[in-house]
Amino acid sequence: MHSVGICGSDVHYWQHGRIGDFVVKEPMVLGHEASGTVVKVGSGVTHLKPGDRVAIEPGVPREVDEFCKSGRYNLSPTIFFCATPPDDGNLCRYYKHSASYCYKLPDNVTFEEGALIEPLSVGIHACKRAGVTLGSKVFVSGSGPIGLVNVIIAKMMGAASVVVTDISASRLQKAKEVGADFIVQVKNETPQEVASKVESVLGCMPEITVECTGVQACIQAGIYATRSGGTLVLVGLGPEMVTVPIVNAAVREVDIRGIFRYCNTWPVAIALLASKRINVKPLVTHRFPLEKALEAFETTKRGEGVKVMLKCDPNDQNP
């Protein structure tokens, strides 16, 4: 293994031992945003060889069920997924993974970019589910790593204007850095007031809202902000039960869609990175060797920077 990013879910498992129905019952290796170098392949593997640099898709179906047959393997209830109980992740020196879900990196794509394909995939899947296209007006709620990749992908897919909201001024500046057209810092406004501010800076109500926080008030603001006939995609995961103005969404035909991880996104992400059509390098703000993993997790827990990256190969100093 070379580069492994720390995700908010890793910190949550570390601190709380569960996310929803996924409960840590015994020691578990964390990490699912990863890239590395192949050291050995099985006898049936023909597309990879030792020495190849690869990005690792953490979700691997265990069976060819109805979801796999329809191309939505991320919804398979028996899927293996790195660092989701009881499956171990890849924050380690050496790791074994299905070759079909290891993707060779072009020479001009770094290991860190390879590891960032995982969060980038969330943005690709969310923006596809949202229907972002040429000229779209998009509202991204939340400017953490997932909000930022949604900004990058929405602009790449042709969004004319993207507005981002957050409570953190520094994270909003990072959103501007990666391509947001407008930013709105939320303080004590009501959800309706946030929606009005979004409409004001955009000049209209957005057709698409991508909610990346999971916070109840933000989901409410997302519904109020979205144009009638538009789409709200729920990316952030918060409490199991939330109160939302569902009648407001229903009578205005606002479609509410969920996403669960991603599927069929690694080839797309690699093509975008190799062509230099997108730049994810600004997302990495902190780097630690594997030996300082605890310090890296504490940094993420405090909400410092954006993406914290761990380097698992002590002999390789390249990014």
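The questions below ask how particular labels in this predicted model are justified.

Q: What makes D52 and K104 a salt bridge?
A: The closest N and O atoms of D52 and K104 are 3.6 Å apart. A salt bridge needs a Lys or Arg side-chain nitrogen within 4 Å of a carboxyl oxygen of Asp or Glu, so a pair at 3.6 Å qualifies.

Q: Where in the chain do D52 and K104 lie?
A: D52 is in the loop between β4 (33–37) and β5 (53–56), and K104 is in strand β8 (residues 102–104). The two are 52 residues apart, and the pair links distant parts of the chain.

Q: Why is D52 called buried?
A: The relative accessible area of D52 is 6%. Buried means under 20%, so D52 is given that label.

Q: Why is K104 called partly exposed?
A: K104 has 45% relative accessibility. Partly exposed runs between the 20% and 50% cut-offs, and 45% falls there, so the label applies to K104.

Q: Which residues are linked with D52 in a network of salt bridges?
A: The network consists of K49, D52 and K104.

Q: How do you know that D181 and K155 form a salt bridge?
A: Their side chains meet with N and O 2.8 Å apart. The limit is 4 Å, so the pair of D181 and K155 counts.

Q: Why is the pair of D181 and K155 said to tie together separate parts of the sequence?
A: D181 lies in the loop between α5 (169–178) and β11 (182–185), whereas K155 belongs to helix α4 (residues 145–156). The two are 26 residues apart in sequence, so the bridge joins those parts.

Q: Are D181 and K155 buried, exposed or partly exposed?
A: D181 has 27% relative accessibility, and K155 also has 27%. The value of 27% is between 20% and 50%, so D181 and K155 are both partly exposed.

Q: What makes E304 and R302 a salt bridge?
A: Their side chains meet at 2.5 Å, N to O. That value is within 4 Å, so E304 and R302 form a salt bridge.

Q: Why do E304 and R302 get separate exposure labels?
A: E304 has a relative accessible area of 33%, which makes it partly exposed. R302 has 52%, and exposed means over 50%, so R302 is called exposed.

Q: How many salt bridges does this rule give?
A: The count comes to 10 salt bridges.

Q: How do you know that D65 has no salt bridge?
A: The nearest side chain of opposite charge to D65 is K69, 8.1 Å away. A salt bridge must be within 4 Å, so D65 has none, although D65 is buried.

Q: What does the side chain of D65 meet?
A: It makes a polar contact with the side chain of S76, at 2.7 Å. Apart from neighbours within four places in sequence, D65 is in contact with S76 and P77. D65 itself sits in the loop between β6 (59–60) and α2 (66–69).

Q: How many disulfides are there?
A: The count is 0 disulfides.

Q: Why does C204 not form a disulfide?
A: The closest cysteine sulfur to that of C204 is in C127, 17 Å away. A disulfide needs two sulfur atoms within 2.5 Å, so C204 is too far from C127 for a bond. C204 is buried, with a relative accessible area of 17%.

Q: Why does C218 not form a disulfide?
A: The sulfur of C218 is 10 Å from the closest cysteine sulfur, in C212, and this is too far for a bond. C218 is partly exposed, with a relative accessible area of 23%.

Q: What makes the phi of A83 notable?
A: Most residues other than glycine have a negative phi. A83 is not glycine, yet its phi is positive, near 60°. A83 is found in the loop between β7 and β8, and is buried with a relative accessible area of 2%.

Q: Which value of phi does K276 have?
A: K276 has a positive phi of about 65°, although it is not a glycine. K276 lies in the loop between α9 (266–274) and β15 (284–289), and at 45% relative accessibility counts as partly exposed.

Q: Is the peptide bond from P85 to P86 cis or trans?
A: The bond is cis, with omega near 5°. P86 is in the loop between β7 (80–81) and β8.

Methods: Residues numbered from 1 in each chain as written. Predicted model: local features only at pLDDT ≥ 70, side-chain atom pairs only at ≥ 80, totals over all residues. Heavy atoms only, no water. Helix = DSSP H or I, 4+ residues; strand = E, 2+ residues; numbered from the N terminus. Buried < 20%, exposed > 50% of the residue type's maximum accessible area, 1.4 Å probe, protein only. Lys, Arg positive; Asp, Glu negative; His and termini not counted. Polar contact = N/O pair within 3.5 Å; in protein donor to acceptor, adjacent residues only side chain to side chain. Contact = heavy atoms within 4.5 Å.
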